[in-house]
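Colleague: Hey, got a minute to walk me through this one? I'd like to get a feel for the chains and how the helices pack.

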Amino acid sequence: MSDKIVIIDYGMGNLRSVQKAFEKVGADAIISNDHNVIQNSSKLVLPGVGAFKDAMSNLAELDLIDLLHEEVINKKKLFLGICLGMQLIARKSYEFGETEGLGWIDAEIIRFDFSDSPIELKVPHVGWNNVAYVNSSPLFENIPDNSDFYFVHSYYFASDRQYVTGITDYGVEFISSVQKKNIFATQFHPEKSQTHGLKIIENFVRLEGTSVC
Amino acid sequence: MLKHRIIPCVLLKDWQLVKSIQFSSYRTIGHPIATVRVYNARNVDELIVLDIDASLNDEPINTEIITDIANECFMPLTIGGGIKSLEDVYTVLNAGADKIAINSKAITNPSFIREIATVFGSQCVVASIDIKKIDGVYRVYNKKMGIVDIDPVELACEYEAQGAGEILLTSVDRDGTTVGYDTELLQLFGNKITIPIIINGGMGNPKDSIEALLSGADALAAAYIFHFSQYTPDMIKKELAFHNFPVRLVKG
């Protein structure tokens with residue numbers, strides 16, 4: 001059976017860009033928020049740009065929170081979170097007050113704060129920055145360590161190092177990618193990161209079933 | 001470490017690729033899709049596509065050509081020209097752009113930036129300001145309105161306060177001239193603006209890029225140099241790397 005990749009449509013941005021990247025590496029990905037389509041998928045992608053709170057309330061409105069939990073945590077479907085989609089798997093975000101996330105990894109989403117540092121870096125962190133590998137991840141296969149990827153975000157994922165696969169330096173060393181079993185996520189945008197980004201999409205497409213441990 | 005971006009700027013007029021000198025004497029030089037394809041193949045950092053007369057002529061958004069351009073891009077793509085409503089923003093982003101550049105509409109209505117940022121996020125709003133030096137003073141210039149009676153730095157600060165993600169600063173006087181970026185202009189803005197500044201207008205050789213970064217630019221946009229000289233974005237980046245500026249070098 002061929003893979004059914006579903007890009008979750010919850011009203012938060014650049015879904016078409018992500019779909020295009022899948023097409024470019026020869027995979028079909030459907031954009032949908034239909035519960036049946038999501039249940040029948042083999043892989044799920046949660047992209048997104050915008051505010052955490054809006055994203056969570058959109059997911060709640062579409063009744064997707066429990067469904068995603070069932071598909072990703074219980075059924076262990078391969079999952080890729082991108083940018084805001086990575087932040088949403090955290091326990092809690094401090095963007096515009098406190099908002100609970102999906103809570104799949106014990107992490108908090110906090111803002112870059114350079115008010116006490118000698119060099120006040122600009123926020124958002126926008127542009128190309130390198131990702132240093134922490135543990136090996138199948139997502140980075142055949143991509144050199146410290147390759148550059150495209151970032152645009154003001155908040156970042158803070159957790160202990162258990163699930164970290166990549167870190168990036170922007171005034172602070174922050175977590176730019178994680179993997180917890182079948183759950184993969186990147187703070188950067190692979191769909192906007194040219195050849196190395198497309199390679200990440202291809203690596204995700206190639207991952208098989210629920211055999212990742 | 002965050003890299004300085006080198007961003008080819010593709011100018012369109014009636015959705016044809018043109019070159020301009022000081023915002024006039026346009027000449028059609030080819031088809032945009034072919035050009036965009038070349039930039040994607042060259043692995044550029046980012047791309048800005050501006051339809052320069054869209055606002056002036058009240059043209060509708062050309063969804064078809066934006067879609068065609070976006071389909072060639074696997075790097076961040078900014079589209080500007082004639083965006084007047086949230087619906088226009090949605091149309092452009094939905095066609096595959098990542099950011100929109102706002103110019104004319106924001107001059108008369110800076111809160112339009114806030115409206116866009118609230119719905120689509122600050123990351124997709126590039127506030128574009130065109131500047132002309134008149135009698136030694138930098139003034140805001142707009143093709144439709146001419147010289148606008150607003151202080152350029154104040155306007156940029158207002159855009160930032162309204163939630164713009166980046167400022168695209170274009171020197172009309174330097175446009176298409178290859179005499180180098182207006183570093184004095186950059187210094188005027190540098191300390192006042194905390195969001196990234198993309199400087200545009202005047203790059204003629206790789207050395208110009210160094211001056212601009214030293215004067216406070218975060219990213220460098222250019223049109224003429226990449227269309228009409230032997231220099232490629234990669235050559236600019238190699239020069240910068242040689243002088244220890246962080247850039248994303250592409251192999252091959």
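Modeller: Sure, let's take the chains, then the helix pairs, then a couple of single residues.

Colleague: Before we start, what kind of model is this?

Modeller: This is a predicted model, so keep that in mind throughout.

Colleague: OK. What's the secondary structure of chain B?

Modeller: Chain B has 10 helices and 12 strands.

Colleague: And how many helices and strands are there in chain A?

Modeller: Chain A comes out with 6 helices and 14 strands.

Colleague: What box do the C-alpha atoms of chain B fill?

Modeller: Along the principal axes, the box for the C-alpha atoms of chain B is roughly 45 × 40 × 40 Å. For chain A, the corresponding box is roughly 55 × 40 × 30 Å.

Colleague: What about the radius of gyration of chain B against a compact globule?

Modeller: It agrees: a compact globule with 252 residues would sit near 18 Å, and chain B has 17 Å. Chain A agrees with its own estimate too, having 16 Å where a compact globule of 213 residues would be near 17 Å.

Colleague: How much of chain B is buried?

Modeller: Of its 252 residues, 52% are buried. In chain A, 51% of the 213 residues count as buried.

Colleague: And the contacts in chain B, what share comes from residues 24 or more positions apart?

Modeller: Taking contacts with a separation of 6 or more, 67% in chain B are between residues 24 or more positions apart. Chain A also gives 67% on that count.

Colleague: Switching to the interface. How many residues of chain B are in contact with chain A?

Modeller: There are 26 from chain B, and they meet 28 residues of chain A. The chain B side breaks down into 10 nonpolar, 9 polar and 7 charged residues.

Colleague: Good. Now the helices. How do H3 and H5 of chain B pack?

Modeller: Helix H3 (residues 86-94) and helix H5 (residues 111-120) of chain B have axes 10 Å apart, at an angle of about 50°. That angle is neither under 35 degrees nor in the 65 to 115 range, so H3(B) and H5(B) are oblique to each other.

Colleague: Which residues meet there, and what's the handedness?

Modeller: H3(B) passes H5(B) in a right-handed crossing. From H3(B) you have Leu86(B), Val89(B) and Leu93(B), and they meet Glu115(B), Ile116(B), Val119(B) and Phe120(B) of H5(B). By class, that contact holds 6 nonpolar residues, no polar ones and 1 charged.

Colleague: What about H1 and H2 of chain B, what angle do they cross at?

Modeller: Roughly 25°, with the axes of helix H1 (residues 32-41) and helix H2 (residues 63-70) of chain B coming within 9 Å. Angles under 35 degrees count as roughly parallel, so that is the description for H1(B) and H2(B). Their crossing is right-handed. H1(B) brings Pro32(B), Ile33(B) and Val36(B), while H2(B) brings Ile65(B), Asp68(B) and Ile69(B). The contact of H1(B) with H2(B) has 5 nonpolar, no polar and 1 charged residues.

Colleague: One more pair: how far apart are the axes of H8 and H10 in chain B?

Modeller: They are 8 Å apart, and helix H8 (residues 206-214) packs on helix H10 (residues 233-242) of chain B at about 55°. H8(B) and H10(B) are therefore oblique to each other, and the crossing is right-handed. The H8(B) side is Pro206(B), Lys207(B), Ser209(B) and Ile210(B), with Met235(B), Ile236(B), Glu239(B) and Leu240(B) on the H10(B) side. The contact of H8(B) with H10(B) splits into 5 nonpolar, 1 polar and 2 charged.

Colleague: Nice. Changing topic, where does Asp53(B) lie?

Modeller: Asp53(B) is in the loop between strand S4 (47-51) and H2 of chain B.

Colleague: Why does Asp53(B) count as partly exposed?

Modeller: Because Asp53(B) has 19 C-beta neighbours inside 10 Å, and a residue needs 20 or more to be buried. The C-alpha atom of Asp53(B) is 14 Å from that of Ala101(B), 48 residues apart along the chain.

Colleague: Last one: which strand is Gln16(B) found in?

Modeller: Strand S2 (residues 16-21) of chain B. Gln16(B) is partly exposed, with 15 other C-beta atoms within 10 Å. Between the C-alpha atoms of Gln16(B) and Gln123(B), 107 residues apart along the chain, the separation is 28 Å.

Terms used: Residues numbered from 1 in each chain as written. Chains lettered and ligands numbered in written order. Predicted model: local features only at pLDDT ≥ 70, side-chain atom pairs only at ≥ 80, totals over all residues. Contact = placed C-beta atoms within 7 Å. Nonpolar A, V, L, I, M, F, W, Y, C, P; charged D, E, K, R; others polar. Helix = DSSP H or I, 4+ residues; strand = E, 2+ residues; numbered from the N terminus. Rg over C-alpha atoms; globule rule 2.2 N^0.38 Å. Buried ≥ 20, exposed ≤ 12 C-beta atoms within 10 Å, placed from the backbone. Axes fitted to C-alpha atoms, helices over the stretch in contact; angles between N-to-C directions. Parallel < 35°, antiparallel > 145°, perpendicular 65-115°, else oblique. Left-handed = near helix turned anticlockwise from the far one by under 90°.
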